[in-house]
Amino acid sequence: MGGAILAVIFVIGLAAPLLGTRDPAQIDPISRNKRPGAVRILTGADGRQTSTTYWMGTDSLGRDIYSRVLYGARVSMLVGISVALISMAAGLVIGLLAGYLRWFDGFVMRIMDGLMAVPAILLAITLVSLSAAGLRAVIIAIVIPEVPRVVRLVRSVVLSIREEPYVEAATALGARTVPLIVRHVLPNALAPLIVQATYVCASAIVIEAILSFLGVGIPPQTPTWGNIMAEGRALFRVFPHNILFPSIFLAATVLAVNIMGDGLRDGLDPRLRNRL
Amino acid sequence: MRGYIVRRLLATIPVVTVVAIFVFLLLRLSGGDPAAVIAGDSATTQQVQEIRLKLGLERPIGEQFVIWVGRILRGDFGESYFFKKTVAELIRDRLEPTLALAVCTLLLAVAMAVPLGVVAAVRRGTWIDRTVMGFSVLGFSVPVFVIGYALIYLFAIELGWLPVQGYQRLAEGFWGFLERLILPSVTLAVIYVALIARITRASVLEVLGADHVRTARAKGLGAASVLLRHVLRNAAVPIVTVIGLGVALLIGGVVVTESVFGIPGLGRLTVDAVLARDYPTIQAVVLLFSVVYVMINLVVDLTYTLLDPRIRY
C-alpha cells in the first residue's frame, strides 16, 4: 500500500505540467489569497473569456497552490531519493572500511559518534548556514547527519559476518580482501541497507520540508512543500489552506515511505521483524 | 561500579571533543576571515581588528582551539554582534521557555506512551494494539509542524480554547504560562510518544513470555501487581534507553515547534542565528544542545544499575 501511494505521488510530481497546472512561480497580484475552488474569469483583448479554477486557492502573491503543491512533489522526491542514495553509498564505503581495517575503525567511529551527538535537525540547520541556500547545500546538509547511522549498520554487519565460518574458510583458502567483501559481505549487508534507505528517504523528506519551512532551506521562489507552508504562516488564521494542502501531501508521502520500509523489512528479513 | 562510572565518564570525552572540534571549525568552514564573519556586515575595520586580537587569530590554529576551549569552559561564548549581547546572556534569556517546553513534553510523553505501550502489549493482536501501533507509525510520519498547525487550527482557532501562539514567563502567572505550553508540548510529544510506546510494547511483550511472569501468575498475584512489579521493572532498561536517545528528536523538535508557536526559546534563537549567519551564537547553541544530549544519555546509562540490579560492571 505504501508503494502504491508513493507511485501516485511520484507520477504526480513527474507529470505535474500535464495536470492542468500553471507556472508555479507565476505571481498574480489580482488573485491574491483566493479560497480553494475560486474561479477567475479573464476577458482577453479580443473579448474571449478564459476561466481559471484555483482548486487549492492561491497564496498571498497570487500563486496557484495546486500547481505549487504538485511541483513541490518533485523537490521532495528528488531530495528523498538522492539523500538515500548518497548516504547509502558513503555509509557503505566507510562502514566496510571501518569493519575491515582496525586502524581506520577507531578513528572513523569516534568521528561518527561525535556527529551522532549533534541532533540531526540541528546539524542540518547548522550545515546549511555554511553555504548559500540551494538544493545542493540542502542535500549535503541532510546527508551528513544520516551517514553515521548507515556506517554503524554496515560496520555491525561486517563485524558479524567476518566471524562466520564460511568467511574464515574463504580467507583460509587465500581469498583476497576486496573480492571477499564484494562476494560475501556485501550481499549480507544489502537487505538491512535497503530497509535503512527507505527510512533515510522518509526522514530526508521531512528535514527538507523543515529547513524550507524555517526559511533556511531551498530559496522561497522554488515550490517545495516546506516553502508553501512557510509562505502561508503569516496568514494562517485567515487562510489555512496554504498550510493544509502541502501538509496533507507531505504527511501522506512520508507515511507511504515508512509503510514501504516496514513492508520491506518484514519481507526481506523476517529476523528483523521484532527489532526496530 | 565506581570503575564503570569512571569509564563511562571517560568515554564521553572523545565524543564531546569531536563535537567541540566540529563546532570550532564551523567558523573556519564558513569561508572568509573569521573575524569579519563574526563582526557582521556593518562592522568597522577597527572592530574586526579587535576581534582578531581577542580570538588570537594570528596564532596557529591548534593554539586558537585551545584558547577557544578555555574561554568556553569559563562560560565565555563570545559576543553576538547581530543581537548586540554576549552569547551567554542571550542563552540565559532564552533558556526558560525551552526548558519549560522540553520538561513538559517529556513528562507528557512518558505519561502517555508507557501505559499505551503496556496496554498494546497485554492486549496483543486486538484492536487496541493495532490502534496504538497505527498511531505510532503515523506519529513518526506526520512532521511536527504539520501536527502543530493542525492543533492550532482545531483548539485555538476553531474552538478557541487555548491561545494561538506566544509564551508567558512563569513569573508572570502560572495559568498563563501553562495555557501557552499545552499545545506546543502536545505537538512535540507526538513523535516521542510514538517512539516510546513502540519500544515499551516490544520490551513488555518480551518480558511477558518469561518464566518468572508465569510463576508470578501461578502463585496467584493479581494482574496489576504482576505487571508493575514483575513485567514493567524488567522491561524498564530499553524504555529508559529510548527515552534518552529520543532527546535528540526532542531537541530537533524544539527548534521547529518554537518557530510554529512563536516561543522565544533556544530553538528559535538557533534559527534566527542561522538566518543572520551569527556564528558565535550558532556555535554556542550547537555545543550546548549536543553536550546536554550526551549528558542525558550518560545519566541514562548510569541508571541501568539502579533499574536492574543484575547489571554489574
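**Notebook: helix packing, chain contact and domains**

I began with two helices of chain A and noted that α5(A) passes α7(A) in a right-handed crossing. The model I am reading is a predicted one.

I looked up the extent of both helices: α5 covers residues 135–161 of chain A, and α7 covers residues 177–214 of chain A. They pack at an angle of about 155°, and their axes are 9 Å apart. Angles over 145 degrees count as roughly antiparallel, and α5(A) and α7(A) are therefore roughly antiparallel to each other.

Next I listed who makes the contact. From α5(A) I wrote down, among them, Val138(A), Ile142(A), Glu146(A), Val150(A) and Leu153(A). From α7(A) the residues include His184(A), Asn188(A), Pro192(A), Gln196(A), Val200(A) and Leu211(A). I then sorted this contact of α5(A) with α7(A) by class and entered 16 nonpolar, 3 polar and 2 charged residues.

**Chain A against chain B**

How many residues does the contact take from each chain? I entered 34 residues from chain A and 37 residues from chain B. On the side of chain A that touches chain B, at least two residues each come from α3 (102–116), α4 (120–128), α7 and α9 (241–268) of chain A. Which helix gives the most to that side? I noted α9(A), with 8 residues. By class, the side of chain A that touches chain B divides into 24 nonpolar, 7 polar and 3 charged residues.

**Domains of chain B**

I turned to the domain assignment of chain B, which gives domain 1 (11–73) and domain 2 (91–307). The C-alpha centres of these two domains of chain B lie 35 Å apart. In chain B, 11 residues of domain 1 are in contact with 10 residues of domain 2.

For the side of domain 1 of chain B that touches domain 2 of chain B, I found that α1 (2–29) and α2 (34–39) of chain B each supply at least two residues. The most comes from α1(B), with 8 residues. That side of domain 1 of chain B divides into 9 nonpolar, 2 polar and no charged residues.

**One residue: Phe135(B)**

Last, I located Phe135(B) in helix α6 (residues 127–141) of chain B. Why is Phe135(B) classed as partly exposed? I counted 17 other C-beta atoms within 10 Å of Phe135(B). A residue is buried at 20 or more and exposed at 12 or fewer, so a count in between is partly exposed. I also checked Phe135(B) against Val103(B): they are 32 residues apart in sequence and, C-alpha to C-alpha, 23 Å apart in space.

Conventions:
Residues are numbered from 1 along each chain as its sequence is written. Chains are lettered from A and ligands numbered from 1 in the order in which they are written. This is a predicted model: local features need pLDDT of at least 70, side-chain atom pairs count only at pLDDT 80 or more; totals for chains, interfaces and linings use all residues. Helices (H or I, at least four residues) and strands (E, at least two) are DSSP runs, numbered from the N terminus. Axes are lines fitted to C-alpha atoms, for helices over the stretch in contact, and angles run from 0 to 180 degrees between N-to-C directions. Angles under 35 degrees count as roughly parallel, over 145 as roughly antiparallel, 65 to 115 as roughly perpendicular and the rest as oblique. A crossing is left-handed if the near helix is turned anticlockwise from the far one by less than a right angle, and right-handed if clockwise. Two residues are in contact if their C-beta atoms, placed from the backbone, lie within 7 Å. Ala, Val, Leu, Ile, Met, Phe, Trp, Tyr, Cys and Pro count as nonpolar, Asp, Glu, Lys and Arg as charged, and the others, Gly among them, as polar. Domain bounds come from an automatic or database domain assignment.
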